[in-house]
Amino acid sequence: MFRPLPALVLSLAASATALSSTHGAHLRRHNAVASRTNTYVPRADSYKLFKEYAGQTFFDDWDYFDGSDPTHGLVNFLTGDDASKLAYVQKDGTAVIGVDTSDNVPVGGKRDSIRITSKDSFKRGLFIADIYSMPHGCSVWPAYWSIGAGKDWPLAGEIDIIEGVNDQTQNQITLHSGPGCLLDKATHALSRILGTQCESKDGDNSGCAFQQEGNSTYGHSFNMQAGGVYAHTLEDEGISVWFFDRSAIPADITAKTPDPASWGTPTAFFPNTQCDILGHFLPQQLIFDITICGDWAGPAYAGSGCPGTCEQAVADPKNFAVAQWKIASVRVYQ
């Protein structure tokens, strides 16, 4: 994909207050949300299973990205037989996507990693990712996201469901679009609004975003509870995201009969009140990746409490022992 993966620097420490994107730092925007009137309204029709990525065939319908990292991370993305040592399915059916932990690389060198993109693109639907654990740690920048095709970034839209850097503890959910798309300040959701301008362009790639509350939504604490489920819908009326930790996954998700109408207020909600959702977010391809340092984790490193420099962290393979996605399944319903 020929686009930089933008990001926002979250509060990695109590004093951290700046957002960062792939093209520079931007002040965090705290938006008033006292008057919240736009709420999620579920669609009338039920969702039916359309596509499942799970078990020993998990990787069959994904393509491996083999270009240089558009976010300037210190990684070599592997493909083919080389990728099998970092992207594989365990005997229990868990899909693993990781970073190389066997080789020493020079300070400032590049470490082997993986980025996969779904072969299929999806105009709309319900997407449910059941994840046991996710990458985290000093210098690590993982993401589960999607991007539209057919136009230059960001005109086909990007949806970031899970993203963060270093030892961050709270997940950030972000949209990136072309001009004319705003997040309505009156939106009702469980997370805190960070920014309302979804348009991303040179000089401001922040996008419109929510930061989740609590420390179980990302990184170490997420993993210590055996992860959980991130579910999101892409429909004409908006983009909605829910997070459920492992102990609170709804029974209808487990039974493969998901009913978002029963899930309550979304974790994040981007309504169509000030954005033509399907006009800005063209059919999306799903992506999992792990990069290192780069345009977000690199600049954020010094303020994250991590030792030394980001370039030094890359050189030591022990730093990436937990830099892995472990995924039970990704299911698409339409």
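Let's start with one residue: at 16% relative accessibility, D112 counts as buried, because anything under 20% gets that label. Keep in mind that you're looking at a predicted model. D112 doesn't sit there without a partner: its side chain meets that of K85 in a salt bridge, 3.7 Å from N to O. K85 is in the loop between helix 1 and strand 6, while D112 is in strand 8, so this pair ties together parts that are 27 residues apart in sequence. Unlike buried D112, K85 is partly exposed, at 44%.

Now zoom out. The protein chain has 334 residues, and 59% of them count as buried. You'll find 6 helices and 20 strands along the chain. Helix 5, residues 294–301, is mostly covered, with 6 of its 8 residues buried; W296 and Y301 are among them.

What about the nonpolar residues inside? The largest nonpolar core has 69 residues, and F58, Y144, F288 and W325 touch the most other members. Apart from that one lies another core of 11 residues, including L126 and W263.

Back to salt bridges, of which the structure holds 10. D130 and R246 form one of them, at 2.8 Å from N to O. D130 belongs to strand 10 and R246 to the loop between strand 17 and helix 3, so the bridge ties together parts 116 residues apart in sequence. K51 also has a bridge, to D61, with the closest N and O atoms 2.6 Å apart. K51 lies in strand 3 and D61 in the loop between strand 3 and strand 4, so here the linked parts are 10 residues apart in sequence. Add D120, and you have a network of salt bridges linking K51, D61 and D120.

Technical notes: Residues are numbered from 1 along each chain as its sequence is written. This is a predicted model: local features need pLDDT of at least 70, side-chain atom pairs count only at pLDDT 80 or more; totals for chains, interfaces and linings use all residues. Side-chain values use heavy atoms; hydrogens and water are left out. Buried means under 20% relative accessible area, exposed over 50%, partly exposed in between (1.4 Å probe, protein chains only). Helices (H or I, at least four residues) and strands (E, at least two) are DSSP runs, numbered from the N terminus. A nonpolar core is a set of buried Ala, Val, Leu, Ile, Met, Phe, Trp, Tyr and Cys residues joined through side-chain atoms within 4.5 Å. A salt bridge is a side-chain nitrogen of Lys or Arg within 4 Å of a carboxyl oxygen of Asp or Glu.
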